[in-house]
Amino acid sequence: MDEDLRSWERLEQLFEEAVDLPREKLAAFLERETASDPELGCRLRALLEHDTNAGARIARAIGGAAQVAAAPVDWTGRYFGPYRVLREIGRGGMGQVFEAVRDDDEYRKTVAVKIAPWWCDLGLLRERFRHERQILAGLEHPNIARFLDGGTEHGVPYFAMEYVVGCPITEYARDLKLRDRLGLFLQVCSAVQYAHQNLLVHRDLKPGNILVSDEGIPKLLDFGIAKLLSPFENAGQSTITGTALWTPDYASPEQVRGRPITTRSDVYSLGLVLYELLTGERGQTADQSSPLALDYSICEAALPRPSTRAPQALRRKLAGDLDTIVGMATHKDPERRYHSVEQLGEDLERYLDGRPVVARKDSVAYRASKFLRRHWLPATAGAVAVVSLIGGVAAFAWQANLAERRFNQVRKLATGFLFDVNDKVQSKAGATAVREMVTRAAVETLGSLSRDAGRNYPLRRELAAAYLRLGAVQGATVGASRGRHHEALASFEQGLALLNGLPPSELAAAAQTEAGLLQQRGRILSSANRPVEAQADLNRALVIWRSLCRNPLREVSACQSRLEALTSVIEWNIRHSQIEPTARMVEELDQSLEALRPALSPLSYQLHWLRGQIIHSRLQWLLAGDKAAAATLLPALPVMESLVAAHPDEKEPVRLGVNYCEHLGSILLAADPLSNDPRLERVLRDGVDWTGRLLQFDTKDERTRRQAAGMVGMLGIFVARKDPLRGAALLRQAITQSAEQVRLSPSNFDTVAQLVDNADHLVRVLARVGHDQDAANDLAVVLESYDPLMGLGLKLPRTDAVRGIQALAWVTQAGVAAGRPLDPWHREAARSADSALAGSPTDPAMQAAAAVLYASLPGNSAERAQWAQRAAGLWQGLARQFPGNPKLSERARLSAVPGSLPMHDTGR
C-alpha cells in the first residue's frame, strides 16, 4: 500500500477517536498517539482546531438559510442612491449583485450594484463588505472592474461598479488558440500583480471572478474577501472564525489549513485558472465530505499534469514547459511556488518568446532545444551538415547557456548596486560622488544589455528607473546633485524613451517611474526657461500621482509624492503669475496633507507642514506682495530653528531649513531694501550656517553650493548697509560660487539669474563708495559666463576687450544710479571705449558694448547729448547689419530722438 495513503488512513482513524473525547483527556491522547510522529501530531491538531468551530458554522449557515427562506426581499425597482435595480445577476456569501441603471437627472448608465448580505446579522460580515468597497475605490487598472459610487440605502450598505458584460475567462477562451489563451491570462496576471503592489491579496481567484468582455478584455471582479497586507490596515481587523468564504476548488492549501495568506496564495489560484484554461478541466476538485477529506484533496493530493488532461491536439504543446510552469505555480509548499505573480507572468512570456523558463531545470540539451526552436529556419537550412556540426552545436549550446547565465548575473549585480548600495549610501557624508559613480556604472551595464532586450519589458522598466536615479544624482533641482542639469535632462529623456511603447499593463507597473521622470524633467525645463514643456510634464506627473494616491493611509509613499508634485505645479503657477489655479492647488495641498497625517511620523508631518508654509507664503506674495508673504512665513521661524536644532545631523530637516531661509530672506530683503531688522539678520545667518552644515555632509552637492552662494549673497547685501567693504567681500564670495554653477549648467536660467543679481549688488555697493575699478575687475569673472548681449538677441563672439567695455558700462550705470556726477573715472571709461572701437571698428559686439557705455555716461546736457549721438550712430549701424533684429531696430529708432533711449541700459 502507498505510504501516503497509509499515513492518511492513520490520521483519519485518530481524528475519529479524538473528535469526541472530552477536552481534559484530549492532550494526553495526542501525546500518547503522536509522540513518535510530530508531523502527524501537527496535522491532527490542525484538523481538531478546524472542527472546533463546526457547530457555530453550521448554526450560522442554518440561521442564514432560514432568514433567506423566511423573509425574501424583491429588490427589483428599488433604488440604491441614484441607481434603480433591474434584476439580480448573482448572489453569494458576501451579498447580492444586481444589474441596475442610473436614471436620475444627471445621466443614464448601466452599472452593477452589490449590496451587503442583508439577511445576515453578522456585523463583521457587513464590515467586510464596507472593506471591499474601500478596496475597490483605491484600484485603477484596465483589467480590474472600476468602482463608481457607494453608500447606504434602506439600512443596507451598497456600492456601484462597472457593469461588465462578458463570460468567465475559461468559457471565452474555449475556442482560442494556445498563444491567445496565454495572452489573455497575462492580462489577468498584470491586474493581480497591480493589486499586490497595492498590498492586496484577492484570495478568491477563479474563472467566475474573471469575466472577459466581447472586445476580449478580461476584468477582475469581487474583492469581497481580499486581504490587506499593510500592518496598519490589519491591526484592527478580525476574521470570521471558521467561515470559509473562499471557493474550495480554487483555494490554496494555506487557506484550508488557516495559515498566513500571502501573495503566493493568489499565485496558486492563478495556477489553477491557468490549468483550466489549458485543459478545459478543473485541476483541483475539493472533497467537502469531511474536514479530513477536504484537507487531503487540497493540501496533499497531487494535480495531474495538464498535458495528461488536455485534448489530444494540445498535449504535445503542453508537455514540458507549460506543465512545469503550472506545476510550480500550484506547488503545495508556498516556498516552492513562484514568489510573485510577476514571476509567473515573466515565465509565460519566456515560453511565448521561445526562451528557457525559470521553472524548468537547467540543462544544455534544454537550452539548445530552445535556441533551435527560436531559430528554426537557419537550423533547417543547415540540417544537411548536422552530423559534422554536432560538436559545434553542443559547444554553441554550452555558450548560449553560459551567456544567458552571465546576462542574468550581470543584470542582478547592476540592479543590486543601483537599488541597494545606492540607497544605503544616500544619507552618508560625501555620497553624491559615490552615488553618481555607482549609478553610472549600473546604467552603462544595463544599457549594454538593453540592446538585446527585445520584449524584455521588466528590464526596460529597470533601466528607466535607473535613469531616473542617475538623472537625480546628475542634476535634479531638489535633493543632492552634481548640478549638471543638461546631463540630467538627457537621462530623464532616455528613461522616458524606454517606457515609450510598453503595453498598458507594463506601463501601469512603471507608473511611479514615469511620474518621477516627468516631474524631474519638468523641473529642469522650468529652470531652463522652457515653460510650456515644463508645464506639460509637471501636470502629467501630477495626474499619475493622483491616480496612485487613492488611499492615503495605505499608499503613503505615492501620496507623499503627490504632495511634491503639487508643490512643483504650484511653483510653476507662481512663477507665471497664475493666481486662481495656485489658490486651488494650495487648498488641495492642505487637504492632502491632513488626510495623510495619521500615516506620517511626527517629524515627517512637521517637514511637510513647513514646506506648506513656504507655499502659502509664495501665494501671499502673488496676491499681496512681499510684506504679506513675510508676515505669513515669519511665525514659523522658531519652529524651523527648533526642528534643525533637534536633528542637526539629518539632511532633510537641514535642507528644508536652508529652503526656508532662502525664501524668507529674499522676501524680507525685497519688502524693505534698507531694513536693519534683526530678524532678517537672524534668518540670513541661519541660512549660511545651515548651508555650511549641508556641505559638510556632501561637498559635491551642487544644489547646496548654489544655495550657499545665494545665502552668502543675501547676507552680503544686508551687511553692506552698515559696512560696504565687508558686505562686498561676502558678495565676491557669492559670485565666485555662482560662476562655478553657471559653468556646470550654462542653460540653467535660475543659476545665471543668481550670478547676475549678486554681481549687480556688488557693483552697486562698490560704485557707491567710489571703488569703480575694483567693481570692473570683479565683473571679469561674471562676464566670462554671462553675456549681456544675449538680451539684445545677439549671439556674437566676445573678446576680452569687449568684456572690458561691458564691465565699464555696468559700473558706470551703477554709479549714475547712486547719484554720482561725471568724474575722471567716467571720462577714462569713455576714452577706453573710443580706443577699443578704433582697434576693432567692424566688431558688432564691440559696437554694442560701446553704445551701451556711451548711453550711460553722466554729465551736463551738452555732454550727455554728445554721448547719446555716438550711441545713436552705433545703434543705427547695428540695425543695418542685423535688419531682422527687432530689438536693435527699436533702439535705432529711439536713439534718433534725444532723450528717448533709457540712460541705464546694459542690454540685459
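**Figure 1. Residues where helix α36 meets helix α38 in the predicted model**. From α36, the residues in contact are Ala801, Val802, Ile805, Gln806, Leu808, Ala809, Thr812, Gln813 and Val816. On the side of α38 they are Ala845, Met846, Ala849, Ala850, Val852, Leu853 and Ser856. Sorted by class, this contact holds 12 nonpolar and four polar residues, and no charged ones.

**Figure 2. Geometry of the α36 and α38 pair**. Two packed helices are described by the angle between their axes and by the distance between those axes. Helix α36 spans residues 800-817 and helix α38 spans residues 844-856. Their axes lie 9 Å apart and make an angle of about 15°. Angles under 35 degrees count as roughly parallel, and α36 and α38 are therefore roughly parallel to each other. The crossing of the two helices is left-handed.

**Figure 3. Strand β4 with its partners β3 and β6**. Strand β3 (residues 95-103) pairs with strand β4 (residues 108-115) through eight bridges, in the antiparallel sense. Within this pair, Val97 has Lys114 of β4 as its bridge partner. Strand β4 also pairs with strand β6 (residues 156-162), again in the antiparallel sense, over five bridges. Here Ile115 is bridged to Tyr158 in β6.

**Figure 4. The open sheet β7-β9-β10 and helix α7**. Three strands form this open sheet in the order β7-β9-β10, and their pairing is antiparallel. Strands β7 (166-168) and β10 (218-220) are the edge strands, each pairing on one side only. From one strand to the next the twist averages 35°. Strand β9 (residues 210-213) is joined to β10 by three bridges in the antiparallel sense, and Leu211 stands opposite Lys219 of β10. Helix α7 (residues 178-197) packs on the sheet, where α7 touches β9 and β10. The direction of α7 makes about 30° with that of β10.

**Figure 5. Confidence along the chain**. The average pLDDT of the chain is 79, and 77% of the residues score at least 70. Among the elements of the chain, helix α10 (residues 263-279) has the highest mean pLDDT, 94. The lowest mean, 36, belongs to helix α8 (residues 231-234). Over residues 53-71 pLDDT stays under 50, and the model has 15 contacts beyond four places in sequence for this stretch. Residues 900-908 also stay under 50; for them the model has 29 such contacts, beyond four places in sequence.

Key
Residues numbered from 1 in each chain as written. Predicted model: local features only at pLDDT ≥ 70, side-chain atom pairs only at ≥ 80, totals over all residues. Heavy atoms only, no water. pLDDT = per-residue confidence, 0-100. Helix = DSSP H or I, 4+ residues; strand = E, 2+ residues; numbered from the N terminus. Contact = heavy atoms within 4.5 Å. Axes fitted to C-alpha atoms, helices over the stretch in contact; angles between N-to-C directions. Parallel < 35°, antiparallel > 145°, perpendicular 65-115°, else oblique. Left-handed = near helix turned anticlockwise from the far one by under 90°. Nonpolar A, V, L, I, M, F, W, Y, C, P; charged D, E, K, R; others polar. Pairing = 2+ DSSP bridges.
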